[in-house]
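This report introduces a protein structure to a reader who has not met it before. It proceeds from the overall make-up to strands, core, charged pairs and single residues.

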Amino acid sequence: MAALVGTGLVCGVLPGTDLAASEARAADSGWVAGPNSAARLIAGGVNGDDSALRAGLELRLDPGWKTYWRYPGDAGMPPRFDFSRSTNVRSVEVGWPAPRRFESGGGVSIGYGGAVVFPLTIHPRDPARPAVLAVDLSYAVCGTLCIPAEAALSLPVSPQVHLAAVAGAGAGGLLHAHDVRVPRRAALGAAGGLAIARVAVDRSTKPWRVRVDARAAPQAELFVEGPTADWALPVPGAGVPAAEGLLRFEFDLDGVPAGADPAGARLTFTLVSGEGAVETTAPLD
């Protein structure tokens with residue numbers, strides 16, 4: 001499909017322009033329609049005393065349709081973000097809110113339904129100069145079939161525009177609601193609440209069997225990623241109660257790339273629960 005461009009390039013208020021309308025335009029790029037979906041950029045204010053700026057990419061999906069997380073599971077295409085058209089932007093960090101599992105046709109995918117905002121942290125090259133965040137987004141929307149989609153979006157990014165936009169349109173609250181859904185980093189065996197307590201490997205089987213014990217509510221979900229994108233690990237099934245009040249997840253170490261040695265490989269475990277989400281990287285010892 002041809003990508004539509006939401007301009008939203010409002011860096012100031014022109015004479016005779018309504019201030020509230022100008023702030024609302026500065027707060028987002030405008031929606032770009034895609035198949036069974038729509039996307040936009042929203043302003044999110046400044047990042048405390050840092051020179052970084054906050055924004056978000058919001059993706060809305062029609063009922064019954066989904067899109068994917070950074071690791072899609074058994075099948076699917078994760079969203080891709082290309083910020084190379086941006087002006088005076090050194091780098092952009094993308095936050096991935098906690099996803100959920102979808103089961104269909106015997107397979108399991110990982111992603112989002114309804115709506116999701118990907119938090120963005122923008123580092124300008126020169127914080128004293130105006131900048132424009134531009135993104136070429138590629139994603140997939142899936143219902144009974146999957147459709148590739150694209151959107152080209154842009155938004156001015158500066159402390160002045162962001163502060164006015166957030167005050168005028170409440171975009172900061174929307175972004176914050178998804179910021180808190182991004183899994184926090186936690187060490188293996190971290191004390192306190194939600195956590196990956198330990199990881200064990202049974203090497204007597206082929207493929208190896210991995211056991212993960214977690215402190216989490218019974219409805220918690222676990223997602224596992226390999227050290228590189230060519231690892232295609234299975235999505236663990238539901239956790240079962242284990243000793244010491246832990247929840248145990250198990251999965252076979254399928255999907256290891258040909259020639260790769262899994263011994264010592266560092267996997268990323270994302271634990272999602274109603275009480276929050278954590279992300280832990282640990283080796284297969």
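Helices (H or I, at least four residues) and strands (E, at least two) are DSSP runs, numbered from the N terminus. By that rule the protein chain has three helices and 20 strands. This is a predicted model, in which local features need pLDDT of at least 70 and side-chain atom pairs count only at pLDDT 80 or more, while totals for chains, interfaces and linings use all residues. Residues are numbered from 1 along each chain as its sequence is written, and side-chain values use heavy atoms, with hydrogens and water left out.

**Burial and contacts**

A residue is called buried under 20% relative accessible area, exposed over 50%, and partly exposed in between (1.4 Å probe, protein chains only). Of the 285 residues of the protein chain, 48% count as buried. A contact means heavy atoms within 4.5 Å. Among contacts in the protein chain between residues at least 6 apart in sequence, 67% join residues at least 24 apart.

**Strands and their pairing**

Two strands pair if DSSP finds at least two bridges between them. An open sheet of four strands follows the order S13-S20-S19-S16, and its pairing is mixed. Its edge strands are S13 (184-185) and S16 (221-225), each of which pairs on one side only. Strands S19 (residues 266-273) and S20 (residues 276-283) run antiparallel and are joined by eight bridges. Within this pairing, Val 272 stands opposite Ala 277 in S20.

Elsewhere in the chain, strand S5 (residues 66-73) is mostly covered, with seven of its eight residues buried. S5 pairs with strand S9 (residues 107-113) in the antiparallel sense over four bridges. Gly 73 stands opposite Ser 109 in S9.

**The nonpolar core**

A nonpolar core is a set of buried Ala, Val, Leu, Ile, Met, Phe, Trp, Tyr and Cys residues joined through side-chain atoms within 4.5 Å. In soluble globular proteins, nonpolar side chains tend to be buried together. The largest nonpolar core here has 66 residues, and those with the most contacts inside it are Leu 57, Leu 133, Val 212, Leu 267, Phe 269 and Leu 271. Strand S11 supplies the largest share of this core, six residues.

**Salt bridges**

Side chains of opposite charge can pair when their charged atoms come close. A salt bridge is counted when a side-chain nitrogen of Lys or Arg lies within 4 Å of a carboxyl oxygen of Asp or Glu. The structure holds 14 salt bridges. The table lists some of them.

| Pair | Closest N and O atoms |
|---|---|
| Arg 85 and Asp 136 | 3.0 Å |
| Arg 101 and Glu 103 | 3.1 Å |
| Asp 213 and Arg 248 | 2.7 Å |

The salt bridge of Arg 85 and Asp 136 links distant parts of the chain: Arg 85 is in the loop between strand S6 (80-82) and strand S7 (89-94), and Asp 136 is in strand S11 (residues 131-142), 51 residues apart. Arg 85 is partly exposed at 41% relative accessible area, and Asp 136 is partly exposed at 26%.

In the pair of Arg 101 and Glu 103, Arg 101 is buried at 19%, whereas Glu 103 is exposed at 61%.

The side chains of Asp 213 and Arg 248 also meet in a salt bridge. This pair links distant parts of the chain, with Asp 213 in strand S15 (residues 209-215) and Arg 248 in strand S18 (residues 247-252), 35 residues apart. Asp 213 is buried at 2%, while Arg 248 is partly exposed at 25%. In addition, salt bridges that share partners join Asp 28, Arg 40, Glu 58 and Arg 60 into one network.

**Ser 86 and its surroundings**

Ser 86 is found in the loop between S6 and S7, and at 14% relative accessibility it counts as buried. A polar contact is a pair of N or O atoms within 3.5 Å; within protein, one must be able to donate a hydrogen and the other to accept it, and residues adjacent in sequence count only if both atoms are side-chain atoms. A polar atom of the Ser 86 side chain lies 2.9 Å from the backbone oxygen of Phe 83. A polar atom of that side chain also lies 2.9 Å from the backbone nitrogen of Ala 134. Not counting residues up to four places away in sequence, Ser 86 touches Val 132, Leu 133 and Ala 134.

**The disulfide**

A disulfide is a pair of cysteine sulfur atoms within 2.5 Å, and the count by this rule comes to one. It joins Cys 142 to Cys 146, with an S to S distance of 1.8 Å. The link of Cys 142 and Cys 146 is right-handed, with 115 degrees about the S-S bond. Cys 142 is buried at 1% relative accessibility.
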